[in-house]
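Let's take a stroll through this one together. Have the viewer open and follow along.

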Amino acid sequence: MTAPPSPELDALLAGYRRFREGKWHPEHERWAALREGQAPRVMIIACSDSRVDPAQVFDVDPGEVFVVRNVAAMVPPFEPTPGHHGVSAALEFAVQVLNVREILVMGHGMCGGCKAALTQELHGTIPGEGGFIADWIAMLDEVRGPIVEEFGTTGRQAERAMEQAGVKVSLANLRTFPCVRHKEAKGELVLRGGFFAIADGVLHLLDEDSDAFRPVT
Ligand SMILES: [Zn+2]
């Protein structure tokens, strides 16, 4: 059954027509070249949140960044167990096939996934009713304790601490993948952490030496 037209589809198609006229046509040569293949030098792992589109934040053109987005911008640890490992598959492709030079994990402010990890409001729910999210963000459980101890489970201070800790968890998990570890050790791959503050639109980069996020000027 084909879904009938809707205001949502109309809005998407109006955008598509703007894209075709305004961006696609002037750059059709770029698109023709991209037909031959992609060679992005950067992989970005970001949240699915509708407010933090990496292509928009970094103003990149098609073909420039290989992007994975999911709840809370998480990278799971290397787990060669049965299952459908979407992030791991994309990571493997980016690192081993596309040979990206850098991977940026970009967390963000007002992240619902991080907030739920903090409050544990979905704890105990079943798959389809919050259980998939609860299981996914349980990856943040390891950093939750100290944050709750210092800031509690609500409020922006606690949330921001969790949002930024999540980036560090993903970076640590990235380094559990042998191919990532190997390439980083050889200097063929650079890992970075970032944080996009929605309220003021400022990007922060993680300085791993001092363990602090600093605003990009
Ligand atoms: Zn988010």
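Which residues line the second largest pocket? Keep in mind that this is a predicted model. The lining is made up of Pro76, Pro77, Glu79, Gly83, His84, His85, Gly86, Val87, Ser88, Asp135, Trp136 and Met139. Helix 4 and helix 6 (131-137) each put in at least two residues, and helix 4 gives the largest share, with 3 residues. If you're thinking about chemistry, the lining splits into 5 nonpolar, 5 polar and 2 charged residues. The volume of this second largest pocket comes out at about 250 Å³.

Now for the largest pocket, which has a volume of about 530 Å³. Helix 1 (7-24) and helix 3 (54-57) are the elements that give two or more residues to its lining, and helix 1 brings the largest share, 6 residues. There are 15 lining residues, and Phe19, Lys23, Asp53, Ala55 and Val60 lie nearest the pocket's centre. Sorted by class, the lining holds 7 nonpolar, 2 polar and 6 charged residues.

Next stop, the metal. The zinc ion has three protein donors, Cys47 through SG, His108 through NE2 and Cys111 through SG, at 2.0 to 2.3 Å from the ion. Along the sequence, the donor residues follow the spacing C-x60-H-x2-C. Cys47 and Cys111 tie together distant parts of the chain: Cys47 is in strand 1 (residues 42-47), while Cys111 is in the loop between strand 3 and helix 5 (112-119), 64 residues apart.

How accessible are these donors? Cys47 counts as buried because its relative accessibility is 6%, under the 20% cut-off. Cys111 is buried too, at 3%, and so is His108, at 1%. His108 is part of strand 3 (residues 102-108). Leaving aside residues up to four places away in sequence, His108 touches Cys47, Asp49, Arg51, Val52, Glu163, Phe195, Phe196 and Ile198.

Last, have a look at helix 9 (residues 178-185), where Cys179, Val180 and Lys183 are buried. Viewed down the axis of helix 9, the buried residues fall within an arc of 100°, so they line one face of the helix. The general rule behind this sort of pattern is that an α-helix has 3.6 residues a turn, so residues three or four places apart point the same way. What do the buried residues of helix 9 pack against? Their partners are helix 4 (86-97), helix 8 (156-174) and strand 4 (190-197). After helix 9 comes Gly187, with a positive phi near 80°.

Terms used. Residues numbered from 1 in each chain as written. Predicted model: local features only at pLDDT ≥ 70, side-chain atom pairs only at ≥ 80, totals over all residues. Heavy atoms only, no water. Helix = DSSP H or I, 4+ residues; strand = E, 2+ residues; numbered from the N terminus. Buried < 20%, exposed > 50% of the residue type's maximum accessible area, 1.4 Å probe, protein only. Contact = heavy atoms within 4.5 Å. Donors = N, O, S within 2.8 Å, 3.2 Å for Na, K, Ca; no water. Arc of directions from axis to C-beta. 1 Å grid on protein atoms, 1.4 Å probe; cavity = no way out; pocket = protein on both sides within 12 Å on 5 of 7 lines; lining within 4 Å. Points joined across faces, edges and corners; volume = space filled by probe spheres on them. Nonpolar A, V, L, I, M, F, W, Y, C, P; charged D, E, K, R; others polar.
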